Structure formats: C-alpha cells, structure tokens
Amino acid sequence: MTTVWNQARRAARMNPSIIREILKVTEKPGILSMAGGLPSADTFPVEALKSACDRVLSQAPREALQYAASEGYAPLREWVAQRVAALGMQVSPDQVLVTSGSQQGLDLVGKILCDSGAPVAVETPTYLGALQAFTPYEPLFASLASDAEGPRPEAIAALPHDAPGTRFSYLLPNYQNPTGRVMGAQRRAELVEASRRAGVPIVEDNPYGDLWFDEPPPAALSSLWPQGSLYLGSFSKVLTPGFRLGYLIAPPELYPKLLQAKQAADLHTPGFNQRVVYEVIRDGFLDQHIPSIRARYKANRDAMAEALRQHLPAGCEWQSPQGGMFFWIRLPAGLDAMALLPRAVDAGIAYVPGAAFYAQQPDPRTLRLSFVTLTPDLIREGVEKLGVLLHQALAGEAEPTP
C-alpha cells in the first residue's frame, strides 16, 4: 500500500528562496556573481577563530560539547547587552536570546506574533528572507508606502486597526536589504511616534548597522520605544556566517514565549559556536576588525558606483549606499529584470531580480547587486557586461514587458 502524505496547509505557502536558486546557477565556472548577499570570505578572521577553538577545547571541553542553556551562553548575552548600549539601548542580559542566525529570530517572531489573517506591515520593498519566515504563519502583508529613507510615517497611521489588528511592522533602518537605504534620525523619531499612536509594535532587524562607510547610523528604533520594540542582530556580517550566530532582544513580557519557541525548535544554538565567538570578541576584537571590513566594502562600493555611471544606459535609477552591501537598480521602462536573468547568466553575470522582495505589487524593473564578494576589477567587468546586456535589450534584442 502506498503511503499518502497529507501536508499541512502552511506547507503550500512555503517557496524556495530565489536567491538560493540563483546561487546554484552562479556556481557555474566563470560566472561573475553580484547576486548573493554573502559577506566577503576575505574578511573572515580565520586565525582568531582557530585560536579561540583551541582555547575553548582546552579550557572547557566538556561544557562546550555538552547541551547548553536555551537562552544562550551567559557571557555572550552580557556582551550583547553591553554592545547595544552604543545604539542607545539599555537592556538586561535576561532580554537577550541567542539564536541560530537572525533568520531563526525571524521564524520565532513569526511563530509567536503571526496569526492567520492578521496583518503584518513590511517595507516596500523588504528583505526576502523575512517574507519567507513569516509567510507559513499566514499573515496578511501590508506594504508600507516607502521613499528613499524607508517607510513614510503616514503609512503607519493607515494600517488596519480593527481586530485582529496589525501585529507589528518589520523594519530595517540601516542599509536595508535590498535597497541599501538608511533612515535618518528625524524619520526614525517620526516612525516611532506614529507606531506608538497606532499601537503597532516594531520588529527592528539590524544585520548591517556596523557596515557604515563615512558616519554611523542614528540611534536604534528600539532605543526610542523599548517596550514596543523587538530587536534582531547577527554576527554573520561582521565575523562569519558559518557559525550561524544571531540574537534577539525582547521586552520582558514577550521573552518567555520566544524562549519556548526556541526550545521547541532546536533546544539551543550550538554552545561550542557561542563560546568560540565570545572568546574572539570578548576583548574588543570587533573594534579593530570591523573597520577593515568597512574599508574593503567602501572601496568596492566606489568601484561599482563608478562602473554603473559609466556603463548603464540612460533611464536606469540608483542611489549610492552609505553602508551595507547592496545597490538597488531600477531599469528603464519596458525591461524586466527576471526575464533578462537567463541572458545575463549566459553573458557570465548574475544578479537578483527585485520582484521577489515585494510583498505586494512587485516592480519587475528592479534588481539588486551585491558589491562585496568581487574585487573592484571584477565588479567593473561585471557591471560592464550588465551594461552591454541592458543596451542590447533597449535596442530591441530582448522581449519587453507587456
């Protein structure tokens, strides 16, 4: 007898990550990939991590290799609480939950705060991984009208208030993925005030805040409304993504349920990884390490900005980001980034079509370029190839959008 598996309704809402699917294609030899949001492997502190692994296994092998507390390694949680003080946040280590990457934090948020049919507000566009994390819990996404600084305050006031009410707004104030935009201090204050008045909590995601080029971003949204905000952070962009280490900071009344969701998911984030990372960062390592990442990424940003100015056809729109990892490009009317992607791969380059980053009404003319994994020379080569492709498409050598 053949077994018939009846899948849960939420399974039908799960879709593969378009970025991960594109990365499979870019593994072909010779592809210049500007697609994945991967930090440069040249920034990984291999020797520091190697030494830390040796110390952990020498000094506390039994503890490091045993089951650990679901909340996370206590010294690491204390370090996080002290670190976010620089962002204007005054929190207790008891509010810090260590997660398996900030992506797990998003999943825990979805489990605890999302209900079928309840609205969740997101930026336009927003991080694709957050849409993937929240979607199985069947929210109704409300797209916040946004401009070059992010969501407009009046968009918060326009959110649904009737039962079940908007559960939260998911916001990325610093060098947002995918647009690279940053919210100014005034916009942050206005958004928080609008959120207070509307009674809509904020889920603040900040994986890129340390990757500023000329000046640091303003204080965290969570510092302006601690009791109404949940904050997500990560070690992936400033240390290494391979350890899958992130954290969330929650108000005391919300923390217990998030902890229960964490226990049900994986019991705890690997204790060995936590101890190794703490050994690396405990004495101020990041204060010396992160500036080198900023310098590398700024040089790459400058190379891509110059190449875009030189090679992209008239009608393309973009802003040079002040930090982070991405350029966001809007193509001239009549072009479709998704439709052009196979031709781009054939030409030896890859990017991420922007439509996947929209909860509603995707813009087919948009695409995201990462500037951190290629060298400046390869960036210039890749952008030149992209420019040739776009010029050919505008000359009628590609199918226009309807």
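Ser-229 counts as buried in this predicted model, because its relative accessibility is 6% and the cut-off for buried is under 20%. The residue lies in strand 9, which spans residues 229-234. The side chain of Ser-229 reaches the backbone oxygen of Trp-225, at 2.8 Å. Contacts were also examined beyond the neighbours within four places in sequence. On that basis, Ser-229 is in contact with Ile-202, Leu-221, Ser-222, Ile-249 and Pro-251.

One of these partners, Ile-249, has a list of contacts of its own. Residues up to four places away in sequence are again not counted. Ile-249 then touches Ser-229, Leu-230 and Tyr-231. Ile-249 also touches Val-80, Val-84, Met-89, Val-91, Gln-95 and Val-96.

Ile-249 is also part of the largest nonpolar core, which has 76 residues. Ile-249 is among the residues with the most contacts inside this core. The others named are Phe-235, Ile-281, Met-304, Leu-331, Tyr-351 and Leu-369. Helix 12 gives the most to the core, with eight residues. Domain 1 (11-43 + 287-397) and domain 2 (63-283) both contribute residues, so the core lies between them. Apart from it lies another core, of 27 residues. Among its members are Phe-141, Leu-230, Ala-250 and Tyr-255. In soluble globular proteins, nonpolar side chains tend to be buried together.

Helix 4 comes next. This helix covers residues 74-83, and its buried residues are Leu-76, Arg-77, Trp-79, Val-80 and Ala-81. Several elements take part in covering them. They include two strands, strand 2 (96-99) and strand 10 (246-249). They also include helix 10 (255-266), helix 11 (271-281) and helix 12 (285-311). Val-80, buried in helix 4, is one of the residues that Ile-249 touches. Trp-79, also buried in helix 4, forms one aromatic cluster with Phe-235 and Tyr-247. Phe-235 appears again among the residues with the most contacts inside the largest core.

Aromatic pairs were searched for across the whole structure, and 10 were found. Phe-134 and Phe-168 form an edge-to-face pair. Their rings lie 5.3 Å apart, centre to centre, with 75° between the planes. The pair links distant parts of the chain, as Phe-134 and Phe-168 are 34 residues apart. Phe-134 sits in helix 6 (residues 128-134). Phe-168 sits in the loop between helix 7 (153-157) and strand 7 (169-171). Both Phe-134 and Phe-168 are buried.

Key. Residues numbered from 1 in each chain as written. Predicted model: local features only at pLDDT ≥ 70, side-chain atom pairs only at ≥ 80, totals over all residues. Heavy atoms only, no water. Buried < 20%, exposed > 50% of the residue type's maximum accessible area, 1.4 Å probe, protein only. Helix = DSSP H or I, 4+ residues; strand = E, 2+ residues; numbered from the N terminus. Contact = heavy atoms within 4.5 Å. Phe/Tyr/Trp six-rings, centres within 6.5 Å; stacked < 30°, edge-to-face > 60°. Polar contact = N/O pair within 3.5 Å; in protein donor to acceptor, adjacent residues only side chain to side chain. Core = buried A, V, L, I, M, F, W, Y, C linked by side-chain atoms within 4.5 Å. Domains from an automatic or database assignment.
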